[in-house]
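Below is a colleague's note on the model, set out as numbered points that can be read alongside the sequence and the coordinates. It begins with two aromatic residues and works outwards from them.

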Amino acid sequence: MTRRLLPLALTLPLLAGCDPQGLDLYSPTDARDYVRSCARARSDVMCRAMQPTLAAVSGPVSVLLPNTGDTEREEALTRFLAGRGTTLAAFRSDAALQAAFARANIFPVAQLRTGTFRTLDGTPHEVTCAEHVSGLGPECQIGPLGGVDHLHYRKPQADSLYATSPQTLGELIFFPF
């Protein structure tokens with residue numbers, strides 16, 4: 001009997017010490033929940049920057065986040081900020097700069113479709129969408145960014161979270177602010 005319980009006794013402490021979100025077992029309920037979840041990672045500066053703005057916005061949202069890892073997001077943001085004469089450290093401590101980033105990359109609509117939409121900062125963006133081209137969900141061309149709604153499977157209960165990538169290599173992976 002002890003031999004049968006030994007694997008279980010060793011597995012339970014291991015599982016108890018694991019964060020389900022770290023194991024990618026967590027399924028966000030909407031865009032705000034996704035951003036809260038990814039902001040828990042110490043390295044994800046973009047999700048952390050979006051949280052206060054998302055908390056202040058009532059109603060539906062469509063959030064744009066680069067379809068890259070935390071390191072690539074941070075590097076892209078660092079290059080962009082250097083071009084503006086500032087640093088990532090300054091961005092991390094400047095709530096107004098973080099809010100500007102968030103407002104430039106959040107639409108106040110539940111889902112994008114073909115047409116012109118404005119981000120929270122008021123900038124208009126031409127959007128062209130095609131349904132399930134890749135099998136991952138609706139694909140949209142959002143200005144210079146391509147995006148796939150990673151929460152499409154939760155419609156109509158959830159907002160949208162578009163994983164973005166630039167149309168041409170080397171371009172910004174988010175909207176400038």
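1. This is a predicted model, and a convenient place to enter it is Phe177, which has a relative accessibility of 17% and therefore counts as buried, since the cut-off for that label is under 20%. Phe80, at 14% relative accessibility, falls under the cut-off too and is likewise counted as buried.

2. The structure holds 7 aromatic pairs. In one of them the ring centres of Phe80 and Phe177 are 4.8 Å apart and the planes meet at 45°, so the pair is classed as tilted. The two residues come from distant parts of the chain, with Phe80 in helix H4 and Phe177 in the segment that follows strand S7 (160-166), a separation of 97 residues.

3. A further aromatic pair is made by Phe101 and Phe174, whose ring centres lie 5.8 Å apart with 75° between the planes, an edge-to-face arrangement. This pair also links distant parts of the chain, because Phe101 belongs to helix H6 (residues 95-104) whereas Phe174 sits in the segment after S7, 73 residues apart. Phe101 is buried, with a relative accessible area of 0%, and Phe174, at 2% relative accessibility, counts as buried as well.

4. Which residues make up the aromatic cluster? Phe80, Phe91, Phe101, Phe174 and Phe177 form one cluster, so that both of the pairs described above, Phe80 with Phe177 and Phe101 with Phe174, have their members in it.

5. Ala76 lies in helix H4 and, with a relative accessibility of 7%, counts as buried. When its neighbours within four places in sequence are left aside, Ala76 is in contact with Ile173 and Phe174, the second of which is a member of the aromatic cluster. The C-alpha atoms of Ala76 and Gly170 are separated by 9.5 Å, although these residues are 94 residues apart along the chain.

6. Ala76 and Gly170 are also found in the lining of the second largest pocket, together with residues including Phe80, Arg79, Glu171 and Ile173. This pocket holds about 180 Å³ of space, and helix H4 (residues 70-83) supplies the largest share of its lining, 4 residues. By type, the lining divides into 6 nonpolar, 2 polar and 3 charged residues; Phe80, one of the lining residues, is the ring that pairs with Phe177.

7. Turning to the strands, 7 of them form an open sheet with mixed pairing, in the order S2-S1-S7-S6-S5-S4-S3. Strand S2 (106-107) and S3 stand at the edges with a single partner strand each, which means that one side of each has no neighbour in the sheet. Strand S6 (residues 145-149) and S7 are paired in the antiparallel sense over 5 bridges, and Asp149 has Tyr162 in S7 as its bridge partner.

8. At the S3 edge, strand S3 (residues 115-118) runs antiparallel to strand S4 (residues 124-130), and 4 bridges join the two. Phe117 stands opposite His125 in S4. What is notable about the phi of Gly122 in the hairpin of S3 and S4? Gly122 takes a positive phi near 90°, in a hairpin that has 5 residues between the strands.

Definitions and conventions
Residues are numbered from 1 along each chain as its sequence is written. This is a predicted model: local features need pLDDT of at least 70, side-chain atom pairs count only at pLDDT 80 or more; totals for chains, interfaces and linings use all residues. Side-chain values use heavy atoms; hydrogens and water are left out. On a 1 Å grid over the protein atoms alone, a cavity is a set of points where a 1.4 Å probe fits but cannot get out, and a pocket is an open set with protein on both sides within 12 Å along at least five of seven lines; lining residues have an atom within 4 Å of a point. Grid points are joined across faces, edges and corners, and a volume is the space filled by probe spheres set on the points. Ala, Val, Leu, Ile, Met, Phe, Trp, Tyr, Cys and Pro count as nonpolar, Asp, Glu, Lys and Arg as charged, and the others, Gly among them, as polar. Two strands pair if DSSP finds at least two bridges between them. Rings of Phe, Tyr and Trp (its six-membered ring) pair if their centres lie within 6.5 Å; planes under 30 degrees apart count as stacked, over 60 as edge-to-face and the rest as tilted. Buried means under 20% relative accessible area, exposed over 50%, partly exposed in between (1.4 Å probe, protein chains only). Contact means heavy atoms within 4.5 Å.
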